[in-house]
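Colleague: I would like to learn how to read the inside of a protein model, its charged pairs and its cysteines. Could we go through these one at a time?

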Amino acid sequence: RHTLLQWYHGGERELVMYARGRQLLVALIHHSKQNRSVLSWVKNSDIHKKSFSTAFGMTDPDLSSHDETQIRLLAEQCILVDESDSVLGADTKKNCHLNVNIDKGKLHRAFSVFLFNTKGELLLQQRSSAKITFPDYFTNTCCSHPLYRPEELEEHIGIRRAAQRKLNHELGIPLQQVPPDCFTYLTRILYKARSCDTWGEHEIDYILIAKKDVEIQVNPNEVQSIRYVNQDQLKKLLADGKEGIVKVTPWFRLICEHFLFSWWSDLNDLSSHIDKHTIHNMI
């Protein structure tokens with residue numbers, strides 16, 4: 001499907017056809033005196049590159065200031081879902097987190113892990129400065145995405161496998177210390193949040209809880225710091241977040257304000273809190 005755009009710039013008439021499906025751009029430049037090479041024109045004019053992106057809704061953000069490892073992770077295939085959590089297909093982590101796509105309704109599957117030690121303290125992390133979304137923010141133990149692969153698409157167990165994988169990747173927790181069956185899947189939330197003008201979140205987030213003592217070897221590209229907190233310490237952190245003293249991720253704050261403290265009181269028996277059928281809309 002082609003979009004035809006005509007506009008004027010500097011006395012030149014520029015007729016541009018954009019083949020959206022194939023990501024091809026064909027341009028015919030008409031000048032009062034001479035024709036010019038469109039390839040040279042695009043190559044040498046940052047202004048015109050920007051005008052192409054603006055005119056046709058291209059979604060390639062400037063990544064030049066971001067960490068190379070985090071940029072590579074943007075190619076991961078997330079699971080696209082509708083608001084009932086039915087799988088629609090896959091798209092890159094990059095495309096799932098661009099506000100220009102989120103504003104059009106793009107929604108993906110995610111999970112949030114709350115890992116408590118045997119003393120009943122919750123493990124928090126502060127996200128690395130290298131993170132593209134919500135850098136330097138305090139949040140729950142681990143927040144990430146199952147990938148569009150058979151073992152992580154499988155109902156319920158797939159989310160737990162993804163949690164095990166990411167706890168190892170971000171916090172260096174040995175896989176054998178967090179087997180999939182150690183997680184209690186409680187419920188899901190639907191939320192949306194902007195990290196900045198370019199990046200954001202729009203997720204159906206599965207809430208997983210585990211109570212275990214684990215070994216930790218932080219991956220500094222993912223995590224800046226960690227701490228275990230009791231309920232009073234977490235309430236102080238949340239209050240500091242409201243005062244702007246620290247930054248707290250929006251999904252973590254939502255879960256804390258609506259659910260976490262009641263769950264915390266029942267860590268030894270969470271059965272009364274399990275609600276696998278509800279998706280709590282927090283938008």
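**Reading the core, the charges and the cysteines**

Modeller: The largest nonpolar core has 33 residues, and those with the most contacts inside it are Phe114, Leu122, Leu234, Phe252, Leu260, Trp263 and Trp264. A nonpolar core is a set of buried Ala, Val, Leu, Ile, Met, Phe, Trp, Tyr and Cys residues joined through side-chain atoms within 4.5 Å. Buried means under 20% relative accessible area, exposed means over 50%, and partly exposed lies in between, with a 1.4 Å probe and protein chains only. Please keep in mind that this is a predicted model, in which local features need pLDDT of at least 70 and side-chain atom pairs count only at pLDDT 80 or more, whereas totals for chains, interfaces and linings use all residues. Residues are numbered from 1 along each chain as its sequence is written, and side-chain values use heavy atoms, with hydrogens and water left out.

Colleague: Which elements give two or more residues to this core?

Modeller: They are strands S6 (108-116), S7 (122-127), S10 (184-194) and S11 (200-211), together with helices H8 (231-243) and H9 (250-264). Here helices (H or I, at least four residues) and strands (E, at least two) are DSSP runs, numbered from the N terminus. The largest share, ten residues, comes from H9. There is also a second, separate core of 25 residues, which includes Ile79, Cys142, Cys182 and Val214.

Colleague: What does Leu234 touch, not counting residues up to four places away in sequence?

Modeller: A contact means heavy atoms within 4.5 Å. With those sequence neighbours left out, Leu234 touches Leu122, Leu124, Val229, Phe252, Cys256, Leu260, Phe261 and Trp264. You can read Leu237 in a similar way: this residue lies in helix H8 and counts as buried, because its relative accessibility is 4%. Its contacts, again not counting residues up to four places away in sequence, are Leu124, Phe138, Arg227, Val246 and Val248. Leu237 and Val248 are eleven residues apart in sequence, and their C-alpha atoms are 8.3 Å apart in space.

Colleague: How many salt bridges does a search of the whole structure find?

Modeller: Side chains of opposite charge can pair when their charged atoms come close. The definition used here asks for a side-chain nitrogen of Lys or Arg within 4 Å of a carboxyl oxygen of Asp or Glu, and the search of the whole structure finds 15 such salt bridges. One of them joins Asp240 and Lys236, at 2.9 Å from N to O; both residues lie in helix H8, four residues apart, about one turn of the helix. Asp240 counts as buried because its relative accessibility is 14%. Elsewhere, salt bridges that share partners join Arg149, Glu151, Glu152 and Arg165 into one network. Within it, the closest N and O atoms of Glu151 and Arg149 are 3.9 Å apart, and Glu151 is partly exposed at 36% relative accessible area, as is Arg149 at 31%.

Colleague: Why is there no bond between Cys78 and Cys96?

Modeller: A disulfide is a covalent bond between the sulfur atoms of two cysteines. The cut-off used here is a pair of cysteine sulfur atoms within 2.5 Å, and a search of the whole structure finds zero disulfides. The closest cysteine sulfur to that of Cys78 is in Cys96, and because the two are 4.6 Å apart, they are too far for a bond. Cys78 counts as buried, at 0% relative accessibility. Cys142 is likewise in no disulfide, the nearest cysteine sulfur, in Cys143, being 6.3 Å away, and Cys142 counts as buried at 0% relative accessibility.
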